[in-house]
Amino acid sequence: MAKLFAVTIIVIAIASAIPIVMHMWPMPQDISVHGHLIDEQYNDTMWEAGISFLASQFLLGFFIWKFSSPAPGAKVKNFPGGAAGLVIAAFLLVGTECLALGVFGVKAWASVYFTPPSANALPIQVQAGQFAFYFRYPGPDGKFGPLHPEQISQANANFFGLDTTHDQDSKDDIVAAEMAIPVNREIHLLMHAEDVGHSFYVPELRVQQDFVPGLDVSVHFTATKIGKYEIVCTQLCGLGHYNMKAYLEVMSQEDYDNWLKQQAALQ
Amino acid sequence: MHDTAHAVHGAPTSFIRKHVFSLDHKVIGKQYYALALVAALVGMFLSWIMRIHLGWGNFAIPGLHLLSKTGAPSNVMTPEYYLQLLTMHGTIMVFFVLTTAPFAAFGNFFLPIQVGAEDMPFPHFNMMSFWVTFVAFLVLVASFFVENGPTLGGWTQYAPLSAIGAVGGPGQGMGVVLWASSIAIFCVGQLLGSLNFITTTLDMRTKGMSLMRLPLSAWAWFITSIMGLTAFAVLMPACILLILDHVAGTSFFVASNLVINDQVLPHTGGSTLLWQHLFWFFGHPEVYIAIVPGMGIVSHVLITNMRKPMLSHRVLIYSMGALAVLSYMVYGHHMFVSGMNPFSSLAFSFPTLVITIPSTIVVLMWLGSLYGSKLRINSASLFALGFISMFISGGVSGFFLAQPSIDIMLHATYFVVGHFHLVMGVAAMFGIFAGTYFWFPKMTGRMMNESLGRLHFWMSFVGAYCIFMPFHYLGIAGNVRRYQAFTDDYLIPLIPVHKFITIAALFTGFAQLIFLYNLIHSLFWGKPAPNDNPWEGTSLEWSTATPPPHNNFGDKLPVVYHDPYQYSVDGASSDHVMQTSPEDLKNAPDEK
C-alpha cells in the first residue's frame with residue numbers, strides 16, 4: 001500500500017505538470033506593450049515553483065517508498081545534517097528565490113502603476129454599473145464634462161449622468177457601449193463605478209483593475225495588435241455578474257477615427 | 001502548573017447537563033465536531049449542486065425546487081441562486097468546518113488532556129462558546145428560509161454590494177443582516193474559546209509539563225488561539241458596522257453618489273476599501289487559523305507513526321509561530337488590484353513571499369523526519385502524508401499570487417480558487433481526517449474500520465487532485481471565478497474541463513459519504529479499542545482511560561518526566577516511552 005501511495009504521488013505530480021509543459025490551456029495571447037514583463041515574471045515563477053513542487057513531491061514519494069517497510073530490528077536514522085542544515089537551506093534557497101522574484105517583479109508592476117501615462121495618452125472614461133460597461137470619449141474639445149449622478153437615466157440613455165444642456169464640456173462627449181481604441185496608442189483609462197464594486201479585466205491586455213465606488217482610479221496601457229477582445233467583470237457585483245461584459249476593439253488609427261465620427265453622429 | 005486534581009466542576013448526572021449543556025471540554029469538543037460534520041455535509045451538498053450547474057447549466061436537479069421555489073424553478077437554479085449557494089458554501093466551510101473542526105473540536109477535546117489538566121479554566125465560557133457558535137450556524141442557515149434567500153455577495157461580502165440593502169440584489173437585505181449577525185455571533189464563540197485555550201496552555205499545565213514538553217498539536221492550538229483572539233476581535237466590529245449600515249442608516253462602507261436603478265442612494269461618505277482592510281486583516285490570519293491546527297495534528301500523527309520525533313521540535317514550533325506573526329502582515333495581497341495605493345502592494349508582497357520560508361521549513365521538517373523513520377501505514381498516517389502533499393501543491397501556487405504583477409492576470413480567477421482550496425480546504429480537511437482516524441479510539445472507545453478508512457483516503461486523495469489541479473489551468477487561461485455560466489467567447493472552450501471537475505467532485509463527495517458511514521457505524525458498532533494506547537503513542541492522552549473519565553485523569557493529575565515524543569530512544573525499555581514514565585532516559589535529547 002505504501003509503495004503504491006509513493007508511486008501515486010509521483011504520478012500525480014508528473015501528470016499535474018504535463019498540461020503546463022504542453023501549454024494545453026495557455027495564458028491568452030499578449031497584446032500589450034507591458035505584458036511581456038508580466039509573462040516573463042510568470043514564466044520565471046513557473047520554473048521556480050514547478051521545480052519546488054516536483055522536487056518536494058518526488059522526495060515525499062521516495063521517502064514513503066523507502067521508509068515504510070523497515071527491516072525487522074532496523075533502527076531509526078536522522079537526516080544527515082539535521083534540522084540546522086534544512087533550515088539554512090530553506091533560508092538560502094527560498095530566501096534567494098523570494099528576493100529575486102520580489103525585486104524583479106517590481107519592474108512589471110512599476111510599468112503599469114508607477115509610471116504616469118504620457119502626455120499624449122488618449123483619455124477614455126469607463127463606467128461600470130450593474131451589469132454593463134459604458135465608455136466616454138471627450139470629443140473634439142478634449143475635455144470630459146462633469147457627472148451628475150441624479151441625472152443618470154437608463155430610459156434616456158444618459159448612462160453617465162451628463163448635463164449636455166448646461167455643461168459646455170459635456171456637449172461633445174461621446175458615449176458608447178463598446179470600447180474602441182487605436183492600435184499602438186497609449187490609453188489612459190479613467191475608471192468610475194456607478195453603484196457597487198466591479199472590475200475591468202482584459203486578459204490579452206494584461207490589465208485587471210477594480211473599480212472603487214466613491215474613488216475614481218485609472219490605469220494606462222497600449223494595445224499592439226488589432227482585433228476584438230472581451231472585457232469582463234471579475235468583481236462579484238450581483239446576479240448578472242457572469243454576464244457583465246463589453247467588447248474592446250483595437251483598430252488602426254484610420255478605422256478608429258471613422259468609428260469615432262460614427263459614434264459622434266449617433267449621440 | 002499544579003499537581004493535584006481539584007474538581008473544577010462535578011460530574012453531571014442529568015442528561016441535559018451531561019450531553020447538551022455540558023461543561024466538560026470533551027463533550028464540548030464532540031459537540032463542535034458534530035456541528036462541523038453537519039456543516040461540512042451541507043457545504044459539500046451545496047458544492048455538488050453548484051458543480052452540476054457549472055458543468056451542465058440546464059440540467060434539472062430533481063427536488064431542487066424544494067430548497068427554493070424562486071431560486072430553482074423547474075429544478076434549474078437561477079443565476080442569483082447560484083451566487084447565494086456559493087456564498088453559503090464558502091461561509092459554512094470556512095467558519096463552521098475549517099475553523100470549527102481542527103481547532104475548536106479537537107482542541108477542546110485534547111488540549112486540556114495533553115497539558116495534563118482536568119478541564120479548561122473557564123468551563124462556563126467554554127460551554128457558551130459552543131452554544132453561541134451553534135446559534136451562529138442556525139442564524140446563517142435561517143437565511144435560506146427568509147424572503148429572497150441568503151446573501152449572494154460571496155463569503156468575502158465586499159462592500160458596497162453588501163452594505164446597500166435589498167436594492168443590491170436578491171438576499172442583499174435580510175440575507176446580509178443574517179450573514180453579518182451570524183458571523184458576529186460566531187466571533188463571540190471563537191473569542192471565548194481562544195481565551196480558554198490560551199489560559200489552559202499557560203496556566204493549567206501539570207507538574208513537569210514545560211512549554212517545550214507540549215506536543216506539537218497542543219502548540220498548534222495555542223498559536224491558533226492567539227491568532228483567533230486578534231483576528232476575530234477585528235471581524236466582529238466590522239460585521240457590527242455592516243449591520244448598522246443596514247439597520248441604522250449609517251454609511252461606514254458606502255460612498256456618496258452611488259446610483260442604482262437611476263436612484264441616488266441615500267448613503268454618504270463611507271469607504272469601499274475600509275471593509276476590505278478590516279475583512280482581510282481577519283481573513284488572512286483565518287487561513288492560518290484553519291491550517292496551523294492541521295500542521296500540529298499531522299505532526300503529532302506522523303511522529304507516532306514514524307516511531308521517531310520531528311527533526312526539531314523547536315524549529316517546528318518557531319515556524320508555526322512565524323506563520324502566525326507574518327499572517328497579519330500579508331493580508332493586503334488579497335487587494336493588489338483593489339484600487340489601494342500601488343506602493344502598498346509591494347509592501348504586502350514582500351512579507352507574502354517571506355512567509356514561504358517558514359512554510360518551507362515546516363515541509364522540510366516533515367520530509368527530513370520521514371527520512372530514516374519506521375513508517376507505519378494506516379488511515380491516519382495516509383491522511384497525514386496526504387496533507388503534506390496537498391500543502392505543498394497548494395503552497396507553491398502562492399508564489400504566483402504573492403506577486404502583484406502576476407496577480408494582475410490571476411486575481412479573481414480559478415487559479416486562486418485552486419490555490420486556497422488545496423492549501424486551506426483540502427489540506428485542512430485531510431488534517432481533520434488524520435485526527436479523526438487517530439483519536440477516534442480515545443474519543444469513543446471504539447476503532448474505526450480501517451479498510452473503509454483506506455478506501456476513503458484513496459478516493460479523496462486522487463479525487464481532490466482531479467478537482468483542484470485543473471482549477472489552476474483554468475485560472476491561467478483567464479477563467480474568472482464566481483460565474484454561474486461561461487458565456488464569454490474565450491471561456492466557452494473551457495467548459496469541458498468544468499465537466500471533468502464536476503464528475504471528480506461527485507466522486508470525491510461520494511468518498512465522504514463512506515467516511516460518514518464509517519464514523520457512525522464505528523461509533524455504535526465499531527471494534528472496541530484493544531487498550532488505552534492502540535497506536536503506541538507517548539503523550540498524555542494515551543496514558544489515561546479510554547474514553548477519558550470526567551476529570552480526565554482520575555484522582556491524581558499525571559506528572560510529566562519527558563519531552564512529548566520519546567520514540568526509539570537507545571537503551572529505553574520500549575520503542576516508546578510515555579511522558580508520564582519515570583524511566584531514566586540517558587540517551588534522549590531533552591529539549592526542555
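The expected span of a helix is 1.5 Å times one less than its number of residues. Helices (H or I, at least four residues) and strands (E, at least two) are DSSP runs, numbered from the N terminus. This is a predicted model, in which local features need pLDDT of at least 70, side-chain atom pairs count only at pLDDT 80 or more, and totals for chains, interfaces and linings use all residues. Residues are numbered from 1 along each chain as its sequence is written, while chains are lettered from A and ligands numbered from 1 in the order in which they are written.

**Exercise 1. Find how the span of helix α2 of chain B agrees with the expected one, and how many of its residues are buried.**

Step 1. Helix α2 of chain B covers residues 25-55, which is 31 residues, so at 1.5 Å a residue it should span 45 Å. Its end C-alpha atoms lie 44 Å apart, in agreement with that value.

Step 2. A residue is buried if 20 or more other C-beta atoms lie within 10 Å of its own, exposed if 12 or fewer, and partly exposed in between, with C-beta atoms placed from the backbone. In α2(B), 22 of the 31 residues are buried, so the helix is largely enclosed by the rest of the structure.

Step 3. Now pick out Lys30(B), which sits in helix α2 of chain B. Lys30(B) counts as buried because it has 20 C-beta neighbours inside 10 Å. Two residues are in contact if their C-beta atoms, placed from the backbone, lie within 7 Å. Leaving aside neighbours within four places in sequence, Lys30(B) is in contact with Phe109(B) and Met443(B).

**Exercise 2. Repeat the check for helix α12 of chain B.**

Step 1. This helix, residues 379-396, has 18 residues and reaches 26 Å from its first C-alpha to its last, close to the 26 Å expected.

Step 2. As for cover, 18 of the 18 residues of α12(B) are buried.

**Exercise 3. Describe chain B as a whole.**

Step 1. Count the elements: chain B has 17 helices and 4 strands.

Step 2. The radius of gyration is taken over C-alpha atoms, and the globule rule is 2.2 Å times the number of residues to the power 0.38. For 592 residues a compact globule would come near 25 Å, and the 24 Å of chain B agrees.

Step 3. The C-alpha trace of chain B spans about 80 × 50 × 45 Å along its principal axes, and 64% of the 592 residues are buried.

**Exercise 4. Work out what chain A brings to its contact with chain B.**

Step 1. The contact takes 90 residues from chain A and 87 residues from chain B.

Step 2. On the side of chain A, the largest share, 17 residues, comes from α3(A).

Step 3. Ala, Val, Leu, Ile, Met, Phe, Trp, Tyr, Cys and Pro count as nonpolar, Asp, Glu, Lys and Arg as charged, and the others, Gly among them, as polar. The side of chain A that touches chain B divides into 54 nonpolar, 26 polar and 10 charged residues.

**Exercise 5. Locate the two domains of chain A.**

Step 1. Domain bounds come from an automatic or database domain assignment. In chain A they give domain 1 (2-69 + 80-113) and domain 2 (122-266).

Step 2. The centres of these domains of chain A, taken over C-alpha atoms, are separated by 39 Å.

Step 3. Across the boundary, 10 residues of domain 1 of chain A are in contact with 11 residues of domain 2 of chain A.
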